[in-house]
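I sat down with this one today and kept short notes as I went. Here they are, for whoever opens the file next.

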Amino acid sequence: MSTATKLDPAAAQRAANRKSAKAGRTVIFRVKRCEGPGKPSRWEEFKVPVPPGANVISCLQHIAANPVTTQGARTTPVVWDSGCLEEVCGACTMVINGRVRQSCSALIDDYAPQEGDVMVLEPMSKFPVVRDLWVDRSRLFHNLQRVKAWVPIDGTYDLGSGPIESPASQGTRYKLSECMSCGCCLEACPQFNLEEDKAAWDTSFIGAHAISQARLFNEHATGAILKDERLDALMGQGGINDCGNAQNCVKVCPKHIPLTESIAAMGRAVTIHGIKKFFRGE
Amino acid sequence: MSEATTAKHPRSFLERHHHLLRRLHSLTGIVPIGVFLISHLLTNGSVVWGLLDSRKAEYGHAGVATFQHEVDFIHSIPFLFFIELSLWGAIAFHSILGFYYAKTGITNTGSYSFGGNWRYRLQRITGYIGILFIVYHVGTLRWNWTFLTPGGTAWSAEFAGSTMAQILRGSPSELTVAGVAVTAGYLLGVTSLVFHFANGLWTAAITWGLTISQAAQRRWGYACAGLGAGLMVMGWAAVIGFATLDPAEAKATEQKFRLKEQREAEKIGEVIDRERNRVSAIDAPR
């Protein structure tokens with residue numbers, strides 16, 4: 001906590017807000033709504049009484065039970081996606097007051113400590129909207145397939161016991177394995193942008209999460225069997241070379257995964273792979 | 001997945017050589033462009049650091065004489081045109097591809113106002129400003145686009161400092177409005193290019209995988225910032241140094257310097273002639 005607030009003024013602001021939060025207040029929720037794919041979006045506002053410890057999801061539940069706007073008009077309940085409600089599944093990721101994060105762990109006290117303060121909720125802008133705050137993150141998972149982000153263990157025979165792992169390698173890889181495919185790094189990335197045409201997915205920027213997962217599985221003794229294939233995928237258009245080094249990914253990652261270190265490490269791997277290929281004449 | 005789409009459409013030249021072109025784009029920014037930028041700013045800064053050379057003071061303005069000496073040296077390099085050609089080629093390659101690559105991103109510093117994100121945005125803005133400045137700079141000083149210099153002044157390699165001062169000041173005598181505009185443009189151009197190079201050097205180390213840990217990236221960041229600060233001082237010194245020169249005094253210095261050089265060359269010629277005569281006198285059959 002202390003290091004996070006030191007690095008990010010927004011985090012320090014949130015900590016200060018939490019201390020000064022007024023009990024029994026009402027907060028305005030400004031929600032970007034959309035009835036379905038391709039439909040235009042509009043804004044609606046809701047007044048929500050905020051009990052202590054409320055988070056964005058609990059307030060969305062209140063709106064779902066009382067779908068009445070501040071003007072008193074009855075509307076449809078706001079739709080959102082969620083799963084674990086403890087910031088490990090990534091499903092409830094949305095843009096809250098202009099920044100991407102998980103809505104389950106977003107406490108109202110952090111953002112709207114005073115009576116009448118406004119919370120702005122938007123769906124992630126880099127994925128197609130399914131409805132309201134719910135987006136289709138298929139491209140994120142497609143990009144994991146591009147780099148074969150798995151350990152190949154399917155076979156017709158017993159593969160025996162797994163490889164022995166050194167504590168040092170385990171230390172590096174454990175952190176990378178915490179990725180929950182939430183999409184924060186992609187939402188904040190200026191090089192990763194909305195692409196509705198699936199045919200263009202393979203040549204559009206792959207994103208920090210997939211580069212980091214390629215590193216995770218390349219550094220796994222069994223996963224390394226697919227190393228060259230992963231590096232080939234990262235060398236192509238939309239691969240690691242399309243990274244613009246804005247480094248927003250590492251700043252917004254809720255799991256504090258060292259994404260920029262993964263990008264640099266895979267940059268080195270791709271450099272060596274490229275030189276090898278050049279001299280092998282492939 | 002990838003098999004399906006690769007079969008669907010023929011891959012373009014840019015797509016087939018994506019990695020090579022991207023890495024050449026990164027490399028050309030350092031060699032030759034960045035290396036040239038360092039030597040170019042050190043040369044131009046000589047109008048200020050040359051003042052420290054007391055041996056040049058006899059010509060008048062030691063900075064102008066030192067700069068003229070540097071320019072004369074550059075013009076003595078054999079195959080200079082081919083060096084220029086490789087630079088023009090590299091700059092064209094780097095800027096055209098850079099423009100194309102920059103179009104693949106959408107800046108978002110409004111929502112994510114992190115330092116790194118601002119550097120990402122500035123890298124693109126300084127690229128645009130930088131290429132416009134380079135075209136103006138090379139066009140007016142090398143290709144003689146005198147219709148774009150105040151008063152139609154042509155830069156001359158023989159009178160390098162005085163003609164440069166005249167262009168930056170707008171007239172042979174006093175500083176004009178056009179002169180202030182050109183000087184401001186030069187300051188903006190130099191600042192943009194130095195930032196672009198220093199930041200590009202920092203990101204290139206990540207792209208190629210030289211700096212991996214955040215500590216290494218931070219350390220290399222200090223090194224690049226230091227280099228950038230040094231080049232910035234040199235670039236600003238050059239622009240302000242030329243803009244504050246008295247073109248008439250600078251021209252007198254250059255004439256004196258040229259005369260001295262010629263006299264020395266003549267002296268060497270005389271010595272050579274004398275020696276040659278002496279040798280032939282010895283060799284001559286008695």
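**Where the chains meet**

I began with the contact, to which chain B brings 29 residues and chain A brings 34 residues. Next I asked which elements of chain B give two or more residues to the side that touches chain A. I found α1 (2–8), α3 (18–44), α7 (115–141) and α9 (177–207) of chain B. Of these, α3(B) gives the most, with 4 residues. I then sorted this side of chain B by class and got 8 nonpolar, 17 polar and 4 charged residues. I kept in mind that this is a predicted model.

**Chain B overall**

My next stop was the secondary structure of chain B, which comes to 11 helices and 0 strands. Read from the N terminus, the elements therefore run as α after α, with no other letter in the string. I looked up the radius of gyration of chain B and noted 24 Å, where a compact globule of 286 residues would have one near 19 Å. The C-alpha trace of chain B spans about 95 × 60 × 40 Å along its principal axes. I also noted that 33% of the 286 residues of chain B count as buried. For contacts in chain B with a separation of 6 or more, 66% are between residues 24 or more positions apart.

**Helix α11 of chain B**

How far does helix α11 of chain B reach from its first C-alpha to its last? I read 53 Å for this helix of 37 residues (247–283), close to the 54 Å expected at 1.5 Å a residue. Then I went through α11(B) for burial and listed B:Pro247, B:Ala250, B:Lys251, B:Thr253, B:Glu254 and B:Phe257 as buried. I looked for what covers them, and the cover includes α5 (62–75) and α8 (160–169) of chain B.

**Chain A overall**

Turning to chain A, I counted 11 helices and 7 strands. Its C-alpha trace spans about 70 × 45 × 40 Å along the principal axes. Of the 282 residues of chain A, 44% count as buried. In chain A, too, I noted the share of contacts with a separation of 6 or more that join residues 24 or more positions apart, and it is 66%.

**The sheet in chain A**

In what order do the 5 strands of the open sheet in chain A lie? I wrote down β2-β1-β5-β3-β4, with mixed pairing. The edge strands are β2 (41–49) and β4 (99–102) of chain A, each of which pairs on one side only. On average, neighbouring strands of this sheet are turned by 30° against each other, direction ignored. Helix α3 (residues 56–65) of chain A packs on the sheet and touches β1, β2, β3 (93–96) and β5 (118–122) of chain A. The direction of this helix makes about 95° with that of β2(A). Looking at one pair, I saw that β1 (residues 26–34) of chain A and β2(A) run antiparallel and are joined by 9 bridges. In that pair, A:Cys34 stands opposite A:Ser41 in β2(A).

**One loop residue in chain A**

Last, I picked A:Leu159, in the loop between α5 (138–146) and α6 (167–177) of chain A. Is A:Leu159 buried or exposed? I put it down as exposed, because it has 10 other C-beta atoms within 10 Å, and 12 or fewer is the cut-off for that class. I also took the separation of the C-alpha atoms of A:Leu159 and A:Glu178, which is 26 Å for two residues 19 apart along the chain.

Definitions and conventions: Residues are numbered from 1 along each chain as its sequence is written. Chains are lettered from A and ligands numbered from 1 in the order in which they are written. This is a predicted model: local features need pLDDT of at least 70, side-chain atom pairs count only at pLDDT 80 or more; totals for chains, interfaces and linings use all residues. The expected span of a helix is 1.5 Å times one less than its number of residues. A residue is buried if 20 or more other C-beta atoms lie within 10 Å of its own, exposed if 12 or fewer, and partly exposed in between; C-beta atoms are placed from the backbone. Two residues are in contact if their C-beta atoms, placed from the backbone, lie within 7 Å. The radius of gyration is taken over C-alpha atoms; the globule rule is 2.2 Å times the number of residues to the power 0.38. Ala, Val, Leu, Ile, Met, Phe, Trp, Tyr, Cys and Pro count as nonpolar, Asp, Glu, Lys and Arg as charged, and the others, Gly among them, as polar. Two strands pair if DSSP finds at least two bridges between them. Axes are lines fitted to C-alpha atoms, for helices over the stretch in contact, and angles run from 0 to 180 degrees between N-to-C directions.
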